[in-house]
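These are my notebook entries on a structure I was asked to look through. I record below what I looked up, in the order in which I took it.

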Amino acid sequence: MNLSKKNQEKMFKFICLIFTSFAVISLVVLIWHILRDGYEWLRPELFTEFQSRFPRKAGIKAGVFGTIWLISLTAFFSIPLGIASGIYLEEYGKKGKIGKIIEVNVTNLAGVPSIVYGLLGLALFVRLLDFGGSVLSGALTLSLLIMPIIIVTTREAIKAVPHSIKYAAYSLGARKYQVVFGHVLPTAMPGIVTGIILALARAIGETAPLIIVGALAYVTFIPESPMDEFTVMPLQIYNWASRPQEDFHKLAASSIVVLLTITFFMNFVAVLIRSRGQKRMKL
Amino acid sequence: MSGNVVISTKQVNMFYSGKQAIKDVTVNVYENLVTAIIGPSGCGKSTLLRSFNRMNDFVEGFSVHGDILYRGQNINAQDVTELRKRVGMVFQRPNPFPKTIYENITWGPKIHGRKDNLDEVVEDSLKRAALWDEVKDRLHSFAFSLSGGQQQRLCIARTVAMKPDVILMDEPCSALDPKSTTRIEDLINDLKKEYTIVIVTHNMQQAARVSDHTAFFYEGEMVEFGETDSIFTNPKKKQTEDYITGRFG
Ligand SMILES: Nc1ncnc2c1ncn2[C@@H]1O[C@H](COP(=O)(O)OP(=O)(O)O)[C@@H](O)[C@H]1O
Ligand SMILES: [Mg+2]
């Protein structure tokens, strides 16, 4: 067969299109299934009730509040540390040997399976520091999990700041920290925020590492301090989905709708911020 | 040639990772005059200019051998931020900060501790850069909303706001249309009353129009330096004549 260049390109485009539509169609089918199973159970009680043995009386209140606690604490630890590390690595530590070593590690850490973080959290936070199966242990574990993502996106965003802006600032007699805080960070901020949102959206969906650090599936209270035990939405979903009763499966489906709505919304905001940031950078 | 020497180099050599870019250059820049650096592309004009405010420090592998003096003092012996405050720079492509017009001008003075009368600083700098009338009603809109020529004048205003002694310009009109170029050339004529200006250009007519002194460079060496009139009407070196008459370049 002797295809011309043009036909080859058409062919390639077509194959790409097929694969893309395959992904999109699966997503649509998935969402449709979940909606079909779960829409009946999307009612106020879903949010106002704790766990129960009876599906009619069960809700994700504990999971919602647990997730809010967990993600807030995770954000509290991972955002400042992640941004600071990103700035350090990109602007200060690049030339040193230590910087190189950290850089390789961070890049590799971003690809480590989340269960490994769970084991680390179990050994370090639950046992060694004796935080037990608390929100704090969970949040610290998830912080370790998403920090590489925040660091990498922070670095990418900083790298994308045009040199011409930095040189302009230096030519006015600015010192490095003034250039970094006056221009580099503000210009990179949309990219950094996007990375943070995507990282947090990932943290919301995490289940495995939380099971390992001892999050509970059956919780009938809201955490009142970081040292309290907790559950999260995905864990409740997992619990319900593994019960034999049909109604619990529907309950799980309706909770998935809630969880998906939140993560879709976060991703949407991230995309919005990114595109607005790009517009601003254009000369 | 007379007058106060503001910047001078004494037999300097410059290298990028061992590759020589400037060879044995001795040159003086005089107060309140415009000195043009001309020569074919790649002859080292920008390299020399950037060495005056140590912007080459950012280039890995760059090194200078020999002395560069600013007001009689070795530039390496002074605080580099202080040097850059006194020796400002306008770049080849307009590079305003992604901020408002107002903030573009006030950022420099602010980081050097000047926080009072910023409104005055903005107005004064924009007037000196012949931009005030065009932007006075929209000081708080984004700098990127300006045209290329306006952006470059904003960059000049930003430099002027530092109250510098010297302004270095690296082909400031190369990205601009002829009309904006004329405006900037007029501006340079005004600015030289108060500042010492060094301008790199590969446009010989521009050098002839705006400068008092001209230095002609070729392959890293300064072939000829003198009053612009005599360089253009009566060059002493064959190479200079060939370049000026457009036989190469
Ligand atoms: N950042 C750099 N790294 C390495 N070599 C460079 C760099 N900048 C310029 N050069 C080299 O130095 C020489 C002079 O360049 P430059 O000063 O930019 O010339 P001009 O401004 O006259 O066109 C050229 O050979 C160029 O390739
Ligand atoms: Mg140049």
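I first fixed what counts as a helix here: a DSSP run of H or I of at least four residues, numbered from the N terminus. I also note at the outset that this is a predicted model.

**Entry 1: helix H3 of chain B**

I began with H3(B) and looked at what follows this helix: B:Gly113 comes after H3(B) and has a positive phi, near 90°. I then asked how many of the eleven residues of H3(B), residues 101-111, are buried. The count is nine, and I therefore describe the helix as mostly covered, taking buried as under 20% relative accessible area. I listed them as B:Ile101, B:Tyr102, B:Asn104, B:Ile105, B:Thr106, B:Trp107, B:Gly108, B:Pro109 and B:Ile111.

Next I looked up what these buried residues pack against. In chain B, I found helix H4 (118-128), helix H5 (132-135) and helix H6 (148-160). In chain A, I found helix H7 (163-171) and H8.

**Entry 2: helix H5 of chain A**

Does the length of H5(A) agree or disagree with the expected span? At 1.5 Å a residue, the 15 residues of this helix (114-128) should span 21 Å, and I read 20 Å between the end C-alpha atoms, so the two agree.

I also followed the axis of H5(A) and noted a kink of about 35°, centred on A:Gly121. A:Gly121 is itself buried, and I recorded A:Ser114, A:Tyr117, A:Gly118, A:Leu122, A:Phe125 and A:Val126 of H5(A) as buried too. The partners of the buried residues in this helix belong to chain A: helix H4 (97-109), helix H6 (135-159), helix H8 (176-205) and helix H9 (208-213). Just after H5(A), I noted a positive phi of about 65° at A:Asp130.

**Entry 3: ligand 1**

I turned to the surroundings of ligand 1 and asked which element gives the most to the shell. It is H1(B), with four residues. Strand S2 (19-30) and helix H1 (45-52) of chain B each supply at least two. Among the surrounding residues I noted B:Ser41, B:Gly42, B:Cys43, B:Gly44, B:Lys45, B:Ser46, B:Arg50 and B:Val59.

I then went through polar contacts of side chains. B:Thr47 places a polar side-chain atom 2.4 Å from an oxygen atom of ligand 1. For B:Lys19, the distance from a polar side-chain atom to a ligand oxygen is 3.1 Å. In B:Tyr16, a side-chain N or O atom lies 3.4 Å from a nitrogen atom of the ligand. Last, I noted that ligand 1 taken alone exposes 570 Å², of which the protein buries 63%.

Key
Residues are numbered from 1 along each chain as its sequence is written. Chains are lettered from A and ligands numbered from 1 in the order in which they are written. This is a predicted model: local features need pLDDT of at least 70, side-chain atom pairs count only at pLDDT 80 or more; totals for chains, interfaces and linings use all residues. Side-chain values use heavy atoms; hydrogens and water are left out. The expected span of a helix is 1.5 Å times one less than its number of residues. The bend at a residue is the angle between axes fitted to the seven residues ending there and the seven starting there. Buried means under 20% relative accessible area, exposed over 50%, partly exposed in between (1.4 Å probe, protein chains only). Contact means heavy atoms within 4.5 Å. A residue is near a molecule or strand if one of its heavy atoms lies within 4 Å of it. A polar contact is a pair of N or O atoms within 3.5 Å; within protein, one must be able to donate a hydrogen and the other to accept it, and residues adjacent in sequence count only if both atoms are side-chain atoms. Accessible areas come from the Shrake-Rupley method with a 1.4 Å probe; for residues, only the protein chains shown count as cover.
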